[in-house]
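Please look at the model shown here before reading on. The paragraphs after it are meant to be followed with the coordinates open.

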Amino acid sequence: MSVVLSIAGENFSSALMAGSAGYPNRQIMLDALSASGAQIVTVSIRRVDLSGPRESLVELLEGKYRLLPNTAGCATAREAVLTAGLAREALGTNWIKLEVIGDRETLYPDVEQLLKAAADLTAQGFAVLAYCNDDPITCEKLADMGCAAVMPLGAPIGSGLGILNPYNISTICRRLSAPVILDAGIGTASDAALAMELGCSGVLLNTAIARADDPVGMAGAMRLAVEAGRQARQAGRIPKRHYAEASSPELGLIGT
Amino acid sequence: MEIRLNGTPCVVSGASLAELLAEHAIDSAKPGIAVAINETIVPRGEWKTASLKPGDSVEIVKPHSGG
């Protein structure tokens, strides 16, 4: 297995991480996750429906995927820390995707509460993968306090707008030694490839696959895009120029 | 006695968490479930011994789909 991503001491042969939400049905979710090649799959923590049927997402996914619980829906550090603790109890993992949301329209993080929660959880020994905005200062703070990964958004969750500020993502990747995972806003394969070309260690996406016309097809495309982007990055692209530079030689032209 | 269970008021006959879980067919041997009483997590090992007081707020949670 060739290792392309390392987080909290665990090695992975895929740099693509996928979410489990929003698929047309469970079977398509399973088929899409398989087609994506993802090894890490996110889940949320929610109340058991005590009156309803007890189907288990964990039973469907455990063993095949490394589950990464999130604190989606939490608006304060206190809620996020409690949810992380419940996730650890339920799944037996100290990995947590930390989301502390400041506003329901943009789903941008409340940075103050996010930093507070991250400090608390890293001190408690959690491997914190922190969803954050694309601000290099915030990302550096999260990395400095020992987050296992820093996960800046490309655009608002589910928006499909792609990477709105590639310059910030590039800066973040350049400055941090912690893994940088582009998380949120991916719309199609070229967005995922761009994330890797900018220097991200990985990409986390959900809606772009789950709500595509053909989720399984899109999952396969994302798999290829992440591999292509990573390979392009490693191959070292040509610089961008404002002027032309002919590729054919200037010597030996007929008529000179 | 009255408690809140997953956000809903609920009357329970006994005062033990174990009874409450049994009433709702929560199997402590099966992984994938976590419990908190008054926003304090009750580790699985303490499910058998934890007790409930009137007005307690109990949350029983599990992993669900999410991004």
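What follows takes up the fold of chain B, then the pairing of its strands, and then its surface and charges.

The model is a predicted one, and in it the secondary structure of chain B consists of five strands and one helix, which come in the order β-β-α-β-β-β when the chain is read along its sequence. The radius of gyration of chain B is 12 Å, close to the 11 Å that the globule rule gives for 67 residues, so the chain is as compact as a globular protein of that length. Its C-alpha trace spans about 35 × 25 × 20 Å along the principal axes, and 43% of the 67 residues count as buried. Among contacts in chain B with a separation of 6 or more, 47% join residues 24 or more positions apart.

Strand S5 of chain B, residues 57-65, is a useful place to trace the pairing. Within chain B, S5(B) pairs in the parallel sense with strand S1 (residues 2-5) over two bridges, and here B:Arg4 has B:Ser57 as its bridge partner. S5(B) also pairs with strand S3 (residues 34-37) of chain B, in the antiparallel sense and over four bridges, with B:Val58 as the bridge partner of B:Ile37. Across the two chains, S5(B) pairs with strand S4 (residues 40-47) of chain A in the antiparallel sense over five bridges, and A:Ser44 stands opposite B:His64. In a regular strand the side chains alternate between the two faces of the sheet.

Turning to the surface, chain B exposes about 3,300 Å², of which carbon and sulfur atoms supply 56%. Chain B carries 6 positive and 8 negative charges, and the mean positions of the two sets are 7 Å apart.

Key. Residues are numbered from 1 along each chain as its sequence is written. Chains are lettered from A and ligands numbered from 1 in the order in which they are written. This is a predicted model: local features need pLDDT of at least 70, side-chain atom pairs count only at pLDDT 80 or more; totals for chains, interfaces and linings use all residues. Side-chain values use heavy atoms; hydrogens and water are left out. The radius of gyration is taken over C-alpha atoms; the globule rule is 2.2 Å times the number of residues to the power 0.38. Buried means under 20% relative accessible area, exposed over 50%, partly exposed in between (1.4 Å probe, protein chains only). Contact means heavy atoms within 4.5 Å. Accessible areas come from the Shrake-Rupley method with a 1.4 Å probe; for residues, only the protein chains shown count as cover. Lys and Arg count as positive and Asp and Glu as negative; His and the chain ends are not counted. The place of a charge is taken as NZ of Lys, CZ of Arg, CG of Asp or CD of Glu. Two strands pair if DSSP finds at least two bridges between them.
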